[in-house]
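Thanks for coming, everyone. Let me put the structure up, and then I'll walk you through some of its parts.

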Amino acid sequence: MKMQKWFILCLFAIAILCRVHSAQGFENELAIYRNPALSPDESQVAFECRDWDTGAQEEMPKGESDIFLADIKGSNLRQLTFMSGDFHLSPDNTKVLINSGYGLYLLDLNKKEAPRQVFNRFPEVYLSREWSPIRQLSWSPSGKKFFFARTIGDVISGQKKNSIVDAETLGETVLDDELGSIPSRIQWIDDNTIIYERDNEILIYNYLTKKGDLLASGYPNEPCTDPVLSPDMQKMLYRYTDQYKVRLGPQMKIVICEIKDLPDWAAEELAKKLWSGEEKMFKKTDYLLLGGSISQVKVSWFRDSQRLLIKGLKELWIYNLTDSSYTPVFLDSIPIKEALLTPDQNKVFFISSLWSSEHEDARITGKGNSSNLKVYDLKNKVCRTIFRDSGPISQLRLSSDGSSLALVRGGNIWIVNTATEKGYQLTSDGGLSPQWLLNDKSILFSSDGSLVKADLRTGKFTNLTLGRGTEPTWISDKEVVVKSRGKFWQVSVDKIRVKEIQKYPDKPRLTKGKKYEVYIDEVKLVPRSPDLTQVKAQDLKTSQSWVVKRPWCNFPWALEEKNR
């Protein structure tokens, strides 16, 4: 009997522990505010906002946070600093969408204005299991509109919204339930029509006429994924289970490759036959047999919309839709990671590298690592090595005219002249995600979480945004100084202007003015939640106090949780 009671008590204790653990795991993004600073005109307050594990996720120095601005008497709140690693340049190269984690912001490079807020998810309590609720971002061909999908609340049970937004007015058209749940792989045909992936199917939808159609289906168990339109917008490449297909018109579909995990001996025999030089063309076969897995195969269009470049595990092929032929291009000794065609269709730049999770021991020890940037001349049928490196090479980006290639090598950005195949190092203190601007003379990239523009003609670097920082200090009603990664930055409140300064201003941080005082107040929402903080202000004449910011209207559940 005693044993039975003991067993029941143990089960009860385990159940309580599991419930406490699940509750703490669910509420893991609670806001912590620090270092409030009142503007000289006492209309705004700048402060730091930090989540429990944000610093670790973004690999920022310990203690650095996002800096926010809030009207002292209203609920208007916006970011001053951005982790701009996730940015999306418009096709016309004039606008940038920044997914800040807290929301979505639009930066217009022509207007020189501070980033405008598109969507804000800044509640007093985060109940989302995901760091960012923004699921998809995609620009229309003209750059005048963009699509974005987001989850409000919990990623599983929260409200899903799909929207088309006007990039000039920020007017939003909510698509209601036309697209079902959150779609993926958004491709625009024109400014009104999108192709997207959902539930193992590929569909087309015109949001003006509200008409949709099915393009490819593997429902319910065989997925159709990764739709990519041809440059002439007449054909669609997509993946069907472990194959790739091309849709030509309403009915015709062509299988272009099939991936099989071959035994080593079979792979060797196949390689001898294909790459011996005896036969360089295979006419009108049903499919191309490739070793490895589907994730190691990438297929991309030539600009003529008649040919496809197929990247296998270690080989490059060309497939011609006109005569259904396959032409072997190149076989490497180590895996090929990225391959990129020049606009003139004469060269293929590619990376062959051992840097991957498959070679973890080599990555850690530094022995046996190898990364190469190579180019294959399709006219002369010759392969040349441009760089050999013991570190990783990645993120190949061609300029629009094809004259230059940007890439990341050893954590810095390099530029290669595609004609001479000579390269030089552009940055020395880091850089990621290079994107060419319209004139091909400037590059946009992310560095230490900041968005930076580099002029290749003058060598001038311009910070457009600033990553996380600490200790915001007002030096005027329009400018705040922020410490970030050991440097001091002067950030404009209403313009694209971020510049480095040598030291912090001598003017003391203003928390108490002639009329108002700002301070951090601790608050506990529910028994199971840890203590939070909130920014409060007090009228020094009347002693009236209030919360500077309010929970946002699109998070009504935050108010419910607070009052529970």
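Which residue in strand 26 is the bridge partner of leucine 308? It is tyrosine 319. Hold on to that pair while I give the ground rules.

This is a predicted model, in which local features need pLDDT of at least 70, side-chain atom pairs count only at pLDDT 80 or more, and totals for chains, interfaces and linings use all residues. Residues are numbered from 1 along each chain as its sequence is written, and side-chain values use heavy atoms, with hydrogens and water left out.

First, the overview. The protein chain has five helices and 46 strands. Those are DSSP runs numbered from the N terminus: helices are H or I with at least four residues, strands are E with at least two. The chain has 564 residues, and 51% of them count as buried. Buried means under 20% relative accessible area, exposed means over 50%, and partly exposed is in between, with a 1.4 Å probe and protein chains only. Now contacts, meaning heavy atoms within 4.5 Å. Take those between residues at least 6 apart in sequence: 46% join residues at least 24 apart.

Back to our pair. Strand 25, residues 307–311, and strand 26, residues 315–320, pair in the antiparallel sense over five bridges. Two strands pair if DSSP finds at least two bridges between them. In general, strands of a sheet pair through backbone hydrogen bonds, either parallel or antiparallel.

Strands 25 and 26 belong to an open sheet of four strands, in the order 24-25-26-27, with antiparallel pairing. Strand 24 (298–301) and strand 27 (325–331) are the edges, each pairing on one side only. From one strand to the next, the twist averages 20°. For that, axes are lines fitted to C-alpha atoms, for helices over the stretch in contact, and angles run from 0 to 180 degrees between N-to-C directions.

Next stop, strand 37. How many of the six residues of strand 37 are buried? Six of the six, residues 442–447, so the strand is largely enclosed by the rest of the structure. Ser442, Leu444 and Ser446 point one way. Ile443, Phe445 and Ser447 point the other way.

Strand 37 has partners to show you. One is strand 36, residues 432–436, which pairs with strand 37 in the antiparallel sense over three bridges. There, leucine 432 stands opposite serine 446. The hairpin of these two strands has five residues between them, and aspartate 440 takes a positive phi near 60°. Strand 36 also holds serine 433, which has a positive phi of about 55° although it is not a glycine.

Another partner is strand 38, residues 450–455, joined to strand 37 by six bridges and running antiparallel to it. Leucine 444 stands opposite lysine 453 in strand 38. This hairpin has two residues between its strands, and aspartate 448 in the turn has a positive phi of about 55°.

Now a different stretch of the chain. Aspartate 377 sits in strand 30. Its relative accessible area is 8%, so it is buried. Leaving aside neighbours within four places in sequence, aspartate 377 is in contact with Asn346, Lys347, Val382 and Arg384. Asparagine 346 is 31 residues away along the chain, yet the C-alpha atoms of the two are separated by 6.2 Å.

Two loop residues next. Lysine 381 is in the loop between strand 30 (371–377) and strand 31 (382–389). Is lysine 381 buried or exposed? At 65% relative accessibility, it counts as exposed. Lysine 381 also has a positive phi of about 55°, although it is not a glycine.

Threonine 342 lies in the loop between strand 28 (336–341) and strand 29 (347–353). With 5% relative accessibility, threonine 342 counts as buried. It touches Lys347, Phe349 and Leu398, not counting residues up to four places away in sequence.

Last, the empty space. On a 1 Å grid over the protein atoms alone, a cavity is a set of points where a 1.4 Å probe fits but cannot get out, and lining residues have an atom within 4 Å of a point. The count comes to three cavities of 30 Å³ or more. The largest has a volume of about 110 Å³. Grid points are joined across faces, edges and corners, and a volume is the space filled by probe spheres set on the points.

What lines the largest cavity? It has 15 lining residues, of which Leu80, Phe82, Pro115, Val491 and Ser492 lie nearest its centre. Strand 5 (77–79) and strand 42 (487–492) each supply at least two residues of the lining.

Technical notes
1 Å grid on protein atoms, 1.4 Å probe; cavity = no way out; pocket = protein on both sides within 12 Å on 5 of 7 lines; lining within 4 Å.
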